[in-house]
Amino acid sequence: MPEDRIGAGAAAPRGRTGEVVRERPAVAPLLASKLAVASLPGAVVDRHRLFTLLETGAAGPVTLVCAPAGWGKTTLLGSWYRSHDDNGHRAWLSLEPGDGGSRLWSYLRAAVRRADDGPPLPVAVGSVPAVEGGDGPVDRDFLDHLAAELGRRPEPVTLVLDDFHRIDDPELANGLEFLLRHAGDRLRLVISGRTDPALALHRWRLNGELTEIRADELAFTAAEAAELLTAHGISVPADQAEELRVRTEGWPAGLRLAALALPGHPDPARFVDTFGGDDAGVADYLSVEVLAGLPDRTRDVLRSGAIADRVSGDLVNALTGRTDGDRVLAELEHDTGFVIALGSRPPAYRYHRMLADLLRAQQRLRPADELLDLHRRAANWAVARDLPARALRHALAAGESSRAVDVLVGHWAELVPYAPARPGPSAPAPPTPEAVRAEPELALAYAADALDRGDPTGADGYLRLAERHEQQLGGARRDRFTLIGAALRLAGAQLAGPCADVLVAATRLRTLASPPGAGAGRPPVDLSARAIARTAAGAAQLGAGDLVAAETELTGALADAQRAGLARTALACTGRLALVRAVRGALATAERDARTVVGSALDADGGAPADHAHAYLALAIVAVHRDRPTDAEANLVLAGNRIEQGPEPAVAALAGWVRAQLGRDRDDLAGAYPLLLAAHARLADQPRSGRLAQWLLAAEADLCTAHGDLGRGRELLLAPLDAATGPAEALAVALARAYLHGGDPAAAARTLPDWAGPDGDAWLLPVRLEAGLLDALAARAAGDHRRAARTLEEVLVLAEPDGFRRVFTRSVPSARDLLAAHLDSGTAYWPMVRELIAAGAEHTGPDPAPSTDRRDRGGRLAAAVPGLGEPLTDRELTVLRYLQSILSNVEIASELSVSVNTVKTHVRNIYRKLDATRRREAVRRARDLRLI
């Protein structure tokens, strides 16, 4: 019997002479290769973050791994499957076109039975009826028996169904849902495919029982891309590895094709710079796996839309003359996965970068007049929808110089300041000298387009060309030409980055916008130009760390932009103002401004307004101060990596501070400390950033203090404090913290500046709150409980309106005793204090003993409590703190979102461990032991 056949059935019949009679088997053979894990490529990266997701998903009924071709679905599942030394209770089934009907169910049952690592089983065994060969529908009795067989299993079986999209049997989904319903949680499905299966995914999603891994998760991270290259024996600098990941958008097949091509290339750096979808290997893959199966008219839609960086159904209709553009794009998104929805209303899409490269390469092979006509149609469409940047780009590409100049002159204020450059079609052919001599504004139009592409060098060349022809203009036309040129010079300075250059260019534009005597019988102030100049200046000052100057300039710019009707400029101001206010501690205002920006309507073709990154970073800082690390992490991701690698040092430093605080909250000292060092270093050559730089240095010292290294914490602060010529409240507060944590409340009180006086109004509010809390803690440590309570109440007055929590819940030294005593003594903020006590108990254990030595990974010592035989758990400590309140067990259960029986169990354990019989006795005993 061939080894690749599972099951032999009964003995073969023989004729009268003994020879074997060859008969067609009643049941088709099953191929063992379909029940084995697919072979993996030679170099595989173990993607542990995704393995964790798969393990989590395999504990529930359905895990879906869904992404387009080449996203490494089979490789991921195969490497995860093989990462277990013992694959018991796991099974694999590779699906192919033609699988269906009873044949498929025979394979499925065979796969399930192999999950026990037993010998191959025949197709028909035991009481389960055989599945007849062929492709007819499976008998219901078979499903009943299989569900019953699964339900009797002692352990669940996890079944991987690979390439599910290849099956077109409508009964398969119904049968799988039947098994999941009736197998008593003994069946777990892990399904991979290019499209969503026809299962009732919404039900599991609604119940929180569906784990989904899609292209966003499958995309390689920077570390994984570098590891993949290393696995292929390729050594390139980190920035080149990251550039390759960006060019492929983390697409595993693209990265692997690049890794295979790199070893033989004579110039690896040039290869990385030019690698794209038009690479021969990538082009072949996409042509076969994505484009080949599409109808000709659908491929034409794709190629036509590739002239734009974003497409909508409306634009497709304008380019192709169709009327069903929305439907076609939605189908392409579903069927290919390389057309990506932008989440806008009306729907808009972009092409995956690799596919866009390939389609644009194919466009260049089309007749030139066809391409010009497409751009002409796109320009008409953009003009009709008041999208000046797109209208300008397509008018230039179509060779329509006069239309491009009209767009620039009529909408120049809406073209600056510029959003971060987006990858798009190649630059238009340069203008002829004759065209520029006839209309010098044409060179300005080319400069504006170059800036929108993120090409300041090209823009500078066009601006120089324009300036050579400025003298031939006169009167109002020349004034307008000069004003637009100055605005574009300012935009170029912003792309280059240095604050001083931006401020010089902004001053020149502001002067042109407000000439001497403006409004007194002369042309009025140009509000648009002044708004742009002030926005650029405010952004530069924010980038340099001068929060006061930035807020003043941006507030004025916002007023000008609103009066001039410049919506994008107003959003740019609002996003940056949100960030400034988040740092200052005006959390409620910062959150409102940031949500105004991120919730603003998208352009008609799906383009997001500029400067979302600053708003998301503001929301991340707000979430940190409110002790919502999950929200902070999510908003930091939305802010994007570019903000940490961009030309604004202070903004990048703030992003680093957020990451460091999140690391500290995870007790990851090794990860948090270098982040703070890097953040502080970003401001080393920014003389305007004094207060912000001190705040970051104080955070660095606080991290040392929190982890018990008091000597290092004080060492970081003393010299800068001595050298400070102005206010240095953040450094003084951090030093007071180190003294207090070291057991010297008198030194802490002497070091603390006057946080409650008039000068405190100018402080960053988070620093002021920390100072007030330390003042209260020092008073309590010195035995002045009345002053401690009065001071804490003043701090709560400042903290409550903006929702500050972290300053209390993660305080060093711990504020738990202070808060608990304040709850007993009476406060106007009883619900807030109660919440802080409960939250603090979740975050902290006993305070680490002060020392100059390094602690464990969490920076804490497991100090034993004298007189307590068995330690209380974290949850018991939380319940214990509620016991000192007037709440009943029912109310405590409601506060903690647990059952009353659970609270009663914790209370019994507390009484037993504290050797108490009543609530008051337990509270008194806990206070004696300094547990509360």
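**Exercise 1. Find the loop that holds proline 813, then check the peptide bond leading into this residue.**

Start with the location: proline 813 sits in the loop between helix H40 (806-809) and helix H41 (816-825). Now look at the bond itself. Going from valine 812 to proline 813, the peptide bond is cis, with omega near -5°. Keep in mind for this and every later exercise that you're working with a predicted model.

**Exercise 2. Get an overview of the protein: its helices and strands, its burial and its surface.**

Step one is the inventory, which gives 46 helices and eight strands. Step two is burial: of the 932 residues, 52% count as buried. Step three is the surface, where the protein exposes about 40900 Å² and carbon and sulfur atoms supply 51% of that. Last, take the contacts between residues at least 6 apart in sequence; 69% of these join residues at least 24 apart.

**Exercise 3. Decide how enclosed strand E2 is, and find its partner.**

Go through residues 90-94 first. Five of the five residues of E2 are buried, so the strand is largely enclosed by the rest of the structure. Next, sort the side chains by direction: Arg90, Trp92 and Ser94 point one way, while Ala91 and Leu93 point the other way. Both sets are buried.

Then look for the neighbour. Five bridges join E2 to strand E3 (residues 157-162), and the two run parallel. For one concrete bridge, pick serine 94; its partner in E3 is aspartate 162.

**Exercise 4. Count the aromatic pairs and work through two of them.**

The count comes to six aromatic pairs. Take phenylalanine 271 and phenylalanine 275: their centres are 5.3 Å apart and their planes are 35° apart, which makes the pair tilted. Both of these phenylalanines are buried.

Now do tryptophan 657 and tryptophan 695. This pair is tilted too, at 4.7 Å centre to centre with 35° between the planes. What does the pair tie together? Tryptophan 657 lies in helix H32 (residues 649-665) and tryptophan 695 in helix H34 (residues 690-706), so the pair links parts that are 38 residues apart in sequence. As for burial, tryptophan 657 and tryptophan 695 are both buried.

To finish, trace the ring pairs around Trp251, and you'll find that they link Trp251, Tyr285 and Phe338 into a cluster.

**Exercise 5. Spot the charges that lie over ring faces.**

Check lysine 34 first: it lies over the face of tyrosine 107, at 5.1 Å from the ring centre. Then try arginine 47, which lies over the face of phenylalanine 220, at 4.0 Å from the ring centre.

**Exercise 6. Compare the span of helix H39 with the expected value, then list its buried residues.**

H39 (residues 785-799) has 15 residues and reaches 21 Å from its first C-alpha to its last, close to the 21 Å expected at 1.5 Å a residue. The buried residues are Ala788, Thr791, Leu792, Glu793, Val795, Leu796 and Ala799.

**Exercise 7. Examine two positive phi values outside glycine.**

Glutamate 249 has a phi of about 55°. Its place is the loop between helix H9 (238-248) and helix H10 (252-261). Its relative accessible area is 22%, so glutamate 249 is partly exposed.

Repeat the steps for aspartate 386, whose phi is near 55°. This residue lies in the loop between helix H17 (368-384) and helix H18 (388-397). With a relative accessible area of 46%, aspartate 386 is partly exposed.

Key: Residues are numbered from 1 along each chain as its sequence is written. This is a predicted model: local features need pLDDT of at least 70, side-chain atom pairs count only at pLDDT 80 or more; totals for chains, interfaces and linings use all residues. Side-chain values use heavy atoms; hydrogens and water are left out. Buried means under 20% relative accessible area, exposed over 50%, partly exposed in between (1.4 Å probe, protein chains only). Helices (H or I, at least four residues) and strands (E, at least two) are DSSP runs, numbered from the N terminus. Two strands pair if DSSP finds at least two bridges between them. Contact means heavy atoms within 4.5 Å. Accessible areas come from the Shrake-Rupley method with a 1.4 Å probe; for residues, only the protein chains shown count as cover. Rings of Phe, Tyr and Trp (its six-membered ring) pair if their centres lie within 6.5 Å; planes under 30 degrees apart count as stacked, over 60 as edge-to-face and the rest as tilted. A charge sits over a ring if NZ of Lys or CZ of Arg is within 6 Å of the ring centre and within 35 degrees of the ring normal. The expected span of a helix is 1.5 Å times one less than its number of residues.
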